[in-house]
Amino acid sequence: MTAWLPDETTLHHGDGPHHRAGHEADIFSVLREQAGNQTAQVTAAGAAWLAGATAYPRSTLAQWESHPTAPGVLPCGAAFDVVNVPTLFGRRMLEHLWADGPGSGPVATHRGRMLLFASPGTAQRLPSLLDWEEWGGGPGAGSGRPAEGREGGGAKVPPLLCHGTGDAVTVPPLTCDASFSGPRWLVAPDTRSPWLPGPDVLLWACVRVARSAPARTPRISIFPPADQGAKVYDVSRRR
């Protein structure tokens, strides 16, 4: 998913009470104008998608227009769910998603954790799938209990906090400078209909990361050592 795509067709403002032409800049016009040279910030179409998660999208857009550098709070369950993971584990998930998988939807960081935006229903299904595949931590996994892996105790899925219907999350501001220390977009929404991974895709990413983690204790193998001259492929490239 590209962090910036110019959009000229969304967010047409009328002459309502929240539109004050000549008194302040139209932040969404600014976003469109800056689309060619900015990264990891929201486009006008992406802002429209985010606002669509609320009961009153126009009011939300007007509030963002007045305060474009302020974080927002959005409900989960309708337009998206959010899977909240530790930052390091989340970065490794993204590496697998972009190098070996279908990519990701919008992704943000907040308070030392990574927020992966997922399709609605993921918050309910992902903990169950992890538990079913014996990678989860049982009924309390979604509330912060660590989940131990099944392969010799070496693999581990850290606490996953899944936000769905009835929950709300803090989202980064539409625009911010380099000194901003609050939530930030790593992959910003750039379209009215972004692709969102489902529970099966995120399960795959979690398992790939957990399986690649080094074991806590050395294992004795009956197989010969790997060929030291074998070609090593660089899987760090992201699309």
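R208 sits in the middle ground of accessibility: with 32% relative accessibility, this residue counts as partly exposed. The model is a predicted one, and in it the side chain of R208 pairs up with that of D100 in a salt bridge, at 3.5 Å from N to O. D100 belongs to the loop between α4 (87–99) and β3, whereas R208 is part of helix α6, so the contact ties together parts that are 108 residues apart in sequence. Opposite charges on side chains can pair when the charged atoms come close. D100, like its partner, is neither buried nor fully out in the open: its relative accessibility is 35%, and therefore it counts as partly exposed. A search through the whole structure turns up one salt bridge.

Helix α6 spans residues 199–212 and also holds V207. Is V207 buried or exposed? At 11% relative accessibility, V207 counts as buried, because the cut-off for that label is under 20%. V207 also has a partner far off in sequence: its C-alpha atom is 9.1 Å from that of M93, although 114 residues separate the two along the chain.

Helix α5, running from 122 to 132, has its own buried set, made up of T122, A123, L126, L129 and L130. Why do these residues end up on the same side of α5? They cover an arc of only 135° around the axis, and that puts them on one and the same side of the helix. The background is simple helix geometry: an α-helix has 3.6 residues a turn, so residues three or four places apart point the same way. What, then, covers the buried residues of α5? The cover includes β2 (81–86), β4, β7 (161–163) and α6. Helix α6 thus comes up twice, as part of the cover over α5 and as the home of R208 in the salt bridge. The other face of α5, turned away from the buried side, carries Q124 and W132, which are exposed.

Two spots in the backbone deserve a look as well. Just after α5, E134 takes a positive phi of about 65°. R111 has a positive phi too, about 55°, even though this residue is not a glycine. Where is R111 found? Its place is the loop between β3 (107–110) and β4 (113–118). With 78% relative accessibility, R111 counts as exposed.

Methods: Residues numbered from 1 in each chain as written. Predicted model: local features only at pLDDT ≥ 70, side-chain atom pairs only at ≥ 80, totals over all residues. Heavy atoms only, no water. Helix = DSSP H or I, 4+ residues; strand = E, 2+ residues; numbered from the N terminus. Buried < 20%, exposed > 50% of the residue type's maximum accessible area, 1.4 Å probe, protein only. Arc of directions from axis to C-beta. Contact = heavy atoms within 4.5 Å. Salt bridge = Lys/Arg side-chain N within 4 Å of Asp/Glu carboxyl O.
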